[in-house]
Amino acid sequence: MRLVSIEMLKPEMRIARAVYNQGALVLPAGRSGVDKYITNLRNMGVDYVYVEDDKSAGIEIPDAIAERTRTSCKQILQNTMQQFSISDKLETKGLEDCVNTVISEILNSPDIQVSLNDIASNDEYTYTHSVSTMVYALMIARKLNYSEQKLVVLGMGTLLHDIGKMLIDKEVMFKEGKLTKQEYEYVKMHTLYGYQALRRITVLPEQVRQIAYLHHERLDGSGYPQGLSGPDLNEMIRIVSIADVYDALTTDRCYRKRWPANKAMDYLLERSEKEFDPVLVGLFTQQLAVYPNGSMVRLSNQCIGIVARQNRSMPLRPVIRIIMDSNGTEIEPYELDMMETLSVTIIESELEIIKTKRPVSPDEL
Ligand SMILES: [Fe+2]
């Protein structure tokens, strides 16, 4: 399996992970002849898809939870949120079931270096992002040996952290260009709106509401809505702020392309101590692949290849399946273990992804 930009789709490629839009299945896994769908995918705001082809045969892209679990969590969250926006009633039972399933999968999964970023169409973004952020937050928490009860609170809070976005005007939420100062101030209100909405759901623990309210706060006081700093931000808030930013950066948005994993990890590491808890950033990044399986890289010898496997002891030196020589000519693929060929380094990662539409401002996370 590998991740390709939709412009790269070729007739011989088959969809490896299903694509959904507005809760409906658009392209099932296994579908071939996918180059015909490029325009449709672009119109939905999907820029990348996971595919199977001969070049990537046998490459596995590890995820922390099963694909069917992700899909059903997104669906339940979408139904629950939509029902909530109509009736003001939040059906928490379905959400709790999702959280419990994800917790048991994460606690029982081997300690792998996660490579997979879920793909979202514009309409699905909030649901996809909420589920992915929950997975990342729980991955950090498992390293802290949280009790089952604390994991459930953290999971529920993360799943609902952006519920306030349901109350933000869609035209502003999905605007393609840069937000005006006024629009940005308005979008920031999703924290308060989320808190107020969740206050009406009396069965939820206060910590769940606090996560919705404070997940954009930063240790140095530079966040919002209150500008709180270190001592006022408890561990769960610190965890969610890291998970939220990492997923936002590594997912396509209507106004910019996703960042490669290594660049998003650098962003967190550069800001740890100041904005993010350095211990938690460390616990998180050690569980992620710096160069994810299935992504294309350029090596210092100018050859281009697909990341095939990780070398756990040397995260910067995975095994690469070389598919193009230094002249850019396609060749019979062969594997190069970077741990054994130390003269070669990776000079460009996630090749098709790094060209951003424009630089992202941290404000827009
Ligand atoms: Fe948010």
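This is a short tour of one predicted model, stop by stop, with something to select at each.

**Stop 1: two helices side by side**

Start by selecting residues 235-249, which make up helix α10, and residues 261-271, which make up helix α11. Turn the view until you can see both. The two helices pack at an angle of about 145°, and their axes are 9 Å apart. The crossing of α10 past α11 is right-handed.

Now show the side chains between them. Which residues of α10 meet α11? Look for I242, V245, Y246 and L249 on the α10 side. Their partners in α11 are A261, A264, M265, Y267 and L268. Sorted by class, this contact has 9 nonpolar residues, with no polar and no charged ones.

**Stop 2: around the end of α11**

Stay in this area and select R271 and E275. These two form a salt bridge, with the closest N and O atoms 3.8 Å apart. Are they buried or exposed? Both E275 and R271 are buried. Add R218 and E270 to your selection, and you have a network of salt bridges linking R218, E270, R271 and E275.

Next, click on E273, which sits in the loop between α11 and α12 (278-285). Its phi is near 85°, a positive value in a residue that isn't glycine. E273 has a relative accessibility of 61%, so it counts as exposed, since the cut-off for that is over 50%.

**Stop 3: a cis bond before α10**

Go back along the chain to Y224 and P225. A cis peptide bond joins them, with omega about 10°. You'll find P225 in the loop between α9 (206-214) and α10.

**Stop 4: salt bridges elsewhere**

How many salt bridges does the structure hold? There are 23. Let's look at another couple of them.

Select R2 and D53. Their side chains meet in a salt bridge, 2.8 Å from N to O. R2 is in strand β1 (residues 2-5), while D53 is in the loop between β5 (48-52) and α2 (67-87), so this pair ties together parts that are 51 residues apart in sequence. Try a surface view here: D53 is buried, at 6% relative accessible area, and R2 is buried too, at 4%.

Then select R321 and E335, whose side chains meet in a salt bridge of 3.2 Å, N to O. This pair links strand β8 (residues 319-324), where R321 lies, to strand β9 (residues 330-337), where E335 lies, and the two residues are 14 apart. R321 counts as buried at 12% relative accessibility, whereas E335 is partly exposed at 35%.

**Stop 5: one face of helix α8**

Select residues 190-199, which is helix α8. Which of its residues are buried? Colour H190, T191, G194, Y195, A197 and L198, and you have them. Now look straight down the axis of α8: the buried residues fall within an arc of 165°, so they line one face of the helix. What do they pack against? Show α2, α7 (181-188) and α9 to see the partners of these buried residues.

While H190 is still coloured, pick K165, one of whose contacts is H190. Leaving out residues up to four places away in sequence, K165 also touches T126 and M173. K165 belongs to the loop between α5 (148-159) and α6 (170-173), and it counts as buried at 12% relative accessibility.

**Stop 6: two loop residues to finish**

Select P62, in the loop between β5 and α2. P62 is partly exposed, with a relative accessible area of 23%. Now add V114: the two are 52 residues apart along the chain, yet their C-alpha atoms are separated by 5.5 Å. Setting aside neighbours within four places in sequence, P62 is in contact with I112, Q113, V114, S115, L116 and N293.

Last, select Q302, in the loop between β6 (296-299) and β7 (304-309). Q302 isn't a glycine, but it has a positive phi of about 75°. Its relative accessible area is 36%, which makes Q302 partly exposed.

Key. Residues numbered from 1 in each chain as written. Predicted model: local features only at pLDDT ≥ 70, side-chain atom pairs only at ≥ 80, totals over all residues. Heavy atoms only, no water. Axes fitted to C-alpha atoms, helices over the stretch in contact; angles between N-to-C directions. Helix = DSSP H or I, 4+ residues; strand = E, 2+ residues; numbered from the N terminus. Left-handed = near helix turned anticlockwise from the far one by under 90°. Contact = heavy atoms within 4.5 Å. Nonpolar A, V, L, I, M, F, W, Y, C, P; charged D, E, K, R; others polar. Salt bridge = Lys/Arg side-chain N within 4 Å of Asp/Glu carboxyl O. Buried < 20%, exposed > 50% of the residue type's maximum accessible area, 1.4 Å probe, protein only. Arc of directions from axis to C-beta.
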